[in-house]
Amino acid sequence: FKGVDTCEYLLSSGRFLGEKVWQPHSCMMHKYKNSEAKNCLIDKHVAFLGDSRIRQLFYSFIKLINPQVKEEGNKHGNIPFEDKSASIKVDFLWYPEVNGSMRQRIKSWTESSVAKPHIIVAGAATWSIKIHNGSNEALSQYKINITSIAPLLEKLAKSSDVYWVLQDPVYEDILSESRKMITNEKIDAYNEAAVRILNSSSRNSKAKVKVFSVSKLIAQETIMQSADGLHLPESSRDTNAMILMNVYCNKIMKPIDGSCCQPQPPLTLIQKLAFCFFTLSIVGYLIINVIHRNNFRKSKSCTDLESGEERKPAISSLNVSTLEMLLHSFCKLGLIMTYFYLCDRANLFMKENKFYTHSSFFIPIVYILVLGVFYTENTKETKVLNREQTDEWKGWMQLVILIYHISGASTFLPVYMHIRVLVAAYLFQTGYGHFSYFWIKGDFGVYRVCQVLFRLNFLVVVLCIVMDRPYQFYYFVPLVTVWFMIIYATLAIWPQIVQKTANGNCLWHFGLLLKLICLLTCIYFLSYSQGAFEKIFSFWPLSKCFELNGNVYEWWFRWKLDRYVVFHGMLFAFIYLALQKRQMISEGKGDPLFSNRVSNVLLFISIVSFLIYSVWASSCKNKTECNELHPSVSVVQILAFILIRNIPGYVRSVYSSFFAWFGKISLELFICQYHIWLAADTKGILVLIPGYPMFNVLVSTFIFVCVAHEISQITNDLAQIVVPKDNSTLLKRLLCIAGFFSGLLLFSAMQDQSRH
């Protein structure tokens, strides 16, 4: 940690990812849209002073505001641009040399009576080299002129953003005869003079002229693509314009994926209270631990003189052990949350943009599949979708999703569509698992509901507090939580139809099917009635949970994307359990699920269906159209996979313990990746070890997996304490939890008011 402002890194260093994606050193660059650029520069005046290279930068800059602009006008004259809708004024002023004319223009802006530009971008040198045939006298005069201009620029820098653009290298082999004297050696000499003279008299960091030297690095990689050897190709100058936009606008717009030039966000009131709570938990645990150690030492020396046996110390009552366990869990959680905060809220660790290549996605996929097959073991039971198999399924899906996120594979549509099926498969398991439990057990008690809700939401609630993010930001947890409540409501509402009652009369099965049809009708209605959906979830306090950026559209989009798959999971569970009850399937070890003929036919249909879906997903041309079809067709590949995995007896009798281990902590892995594996709320990659990408991924992955596993254990421990089986105690805990969330809503309202 060097403590250097990331703006300096953005302006001076970086590298190319691939051929066109520029990666600044240590931070992430946001790609500004036209609307964002206008919002940032509203009522602003920007001035570009210089030669034809600065004119190129001027055109790339204004195209970020209005892409329709054409490069017209007098090449050796001033060029104005104005966007009246946002009151933005951008001027190019033709000053090809650093001379008296440029000095006079800059001096006029320093006078108090004249309106100063908010942003000034200046630079020139190649014309001086050309006109004076690269003479040393011209370089000496350049030094004199820039020395006279430097104090004026520094004076302007007190109230405006002033950038001096260093000269890019040239491609000497293709320069025209009239430009042969412009050599890289001469350009380096002029740049060295500018860097040495600018800011030499300024001691105030706020009054410094910002040296735009990153353009040199970009040009070194791309100048060979230049048409004339002097001017940069369009992609390079567009990158320079985007860097300039990031330097000025990131601190104003605060984009999530633009960490360059963004100050560390101040701690909110809720974050401060959380910090105090975790600190007290750590102190409390240490005090209790010291007391217990002292008591243990005293009691250890006390022996029973008659029997000669050591007495067991009777110091740990149930209440003390529960309190110690509670404090121990919060102590560990506090340390883990500190790591979360340092990774993704403090400017301590570096962050980088994602860059997708086929190899960065598919090679790790092959690697983990080989590992998974290597750890093959026999299952304890051979039922369809038994516990080991579902853990394995969740495990390998989670690993694939993690690789998808860190490699930035969402830009490749075929991969995106297959990952959407994996997310749908998680929700399918939600429908299958919860329906099976309620149908077989018939347990609709409050304890079961509270246990599930606590395990699903505990980590996310803590992260919302510590990381200052809305609940809907971690979209998958709200999704599975709401679907769990829908499943519960569907089966718990009168008449409660469970397997035990349905076995006595087949009509109950039709009653349950009627319930499922009503559920499907409601889903269909809400998916095509955005207004009704938004009204339901816009009521306070539901709106506090499901709003993102001031509306519930994102929540509606996420819910709609996989709207039918939970219903499909419930229906599959009902049909499977009915067939199992009537002994129409064979689940013995090594036995095919059906008769040989039926099994072979179903297996063939499943493989063909699986491949057809993959071909369709791979041929997708438009994400919007494919997303529209996805809710209806994703179940095809899910069912095909289940049948392929379960019809052959041998395949059903084995599982991968490697994948199953990850499956047990899949929820924690999915949530933790947001902040301690990825960065900038999943938009970038966390860099713990700069300069060694593979080693960095290994180290950050090891810490990430260990933390996810530890949080899973903490959640299980706290679930036993916070959600007891005794109903009267549970009711008291629920009242405490209600009070906690009421306080959270109150503090959140206070925070929102102070922000506004």
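The largest cavity in this predicted model has a volume of about 130 Å³, and a search of the whole structure finds two cavities of 30 Å³ or more. The lining of the largest cavity is made up of 14 residues, and those that lie nearest its centre are R53, L57, V165, D168 and S215. Two elements, α3 (52-65) and α9 (234-253), each give two or more residues to this lining, with α3 giving the most, namely four residues. In chemical terms, the lining of the largest cavity divides into six nonpolar, four polar and four charged residues.

The second largest cavity holds about 40 Å³ of space. Its lining consists of W439, Q499, N503, H509, F574, L577, A578, K581 and R582, and helix α22 (residues 565-581) supplies the largest share of that lining, with four residues. Sorted by class, the residues lining the second largest cavity are four nonpolar, three polar and two charged.

From the cavities we turn to an open space. The second largest pocket contains about 1600 Å³ of space, and of the 45 residues that line this pocket, R387, K394, G433, H434 and R448 are the closest to its centre. The elements that give two or more residues to the lining of the second largest pocket are α13 (387-407), α14 (413-441), α15 (446-466), α16 (476-492), α22, α26 (657-664), α27 (666-676) and α28 (693-722); of these, α14 gives the most, with eleven residues. Helix α22 thus appears in the lining of this pocket as well as in that of the second largest cavity. The lining of the second largest pocket divides into 18 nonpolar, 17 polar and ten charged residues.

One helix can be followed in more detail. Helix α24 (residues 623-646) has 24 residues, and the distance from its first C-alpha to its last is 32 Å, close to the 34 Å expected at 1.5 Å a residue. Within this helix there is nevertheless a bend of about 60 degrees at P631. At the start of α24, a side-chain oxygen of N622 comes to within 2.9 Å of the backbone nitrogen of T624.

Finally, the annotation record can be set beside the coordinates. An unreviewed UniProt entry lists residues 22-92 as "domain: NXPE C-terminal". In the model, the end C-alpha atoms of residues 22-92 lie 26 Å apart, and this span is 31% helix and 27% strand.

How values were computed
Residues numbered from 1 in each chain as written. Predicted model: local features only at pLDDT ≥ 70, side-chain atom pairs only at ≥ 80, totals over all residues. Heavy atoms only, no water. 1 Å grid on protein atoms, 1.4 Å probe; cavity = no way out; pocket = protein on both sides within 12 Å on 5 of 7 lines; lining within 4 Å. Points joined across faces, edges and corners; volume = space filled by probe spheres on them. Nonpolar A, V, L, I, M, F, W, Y, C, P; charged D, E, K, R; others polar. UniProt positions renumbered as here; feature names shortened; annotations may be inferred. Expected span 1.5 Å × (residues − 1). Bend = angle between axes of the 7 residues up to and from the residue. Polar contact = N/O pair within 3.5 Å; in protein donor to acceptor, adjacent residues only side chain to side chain.
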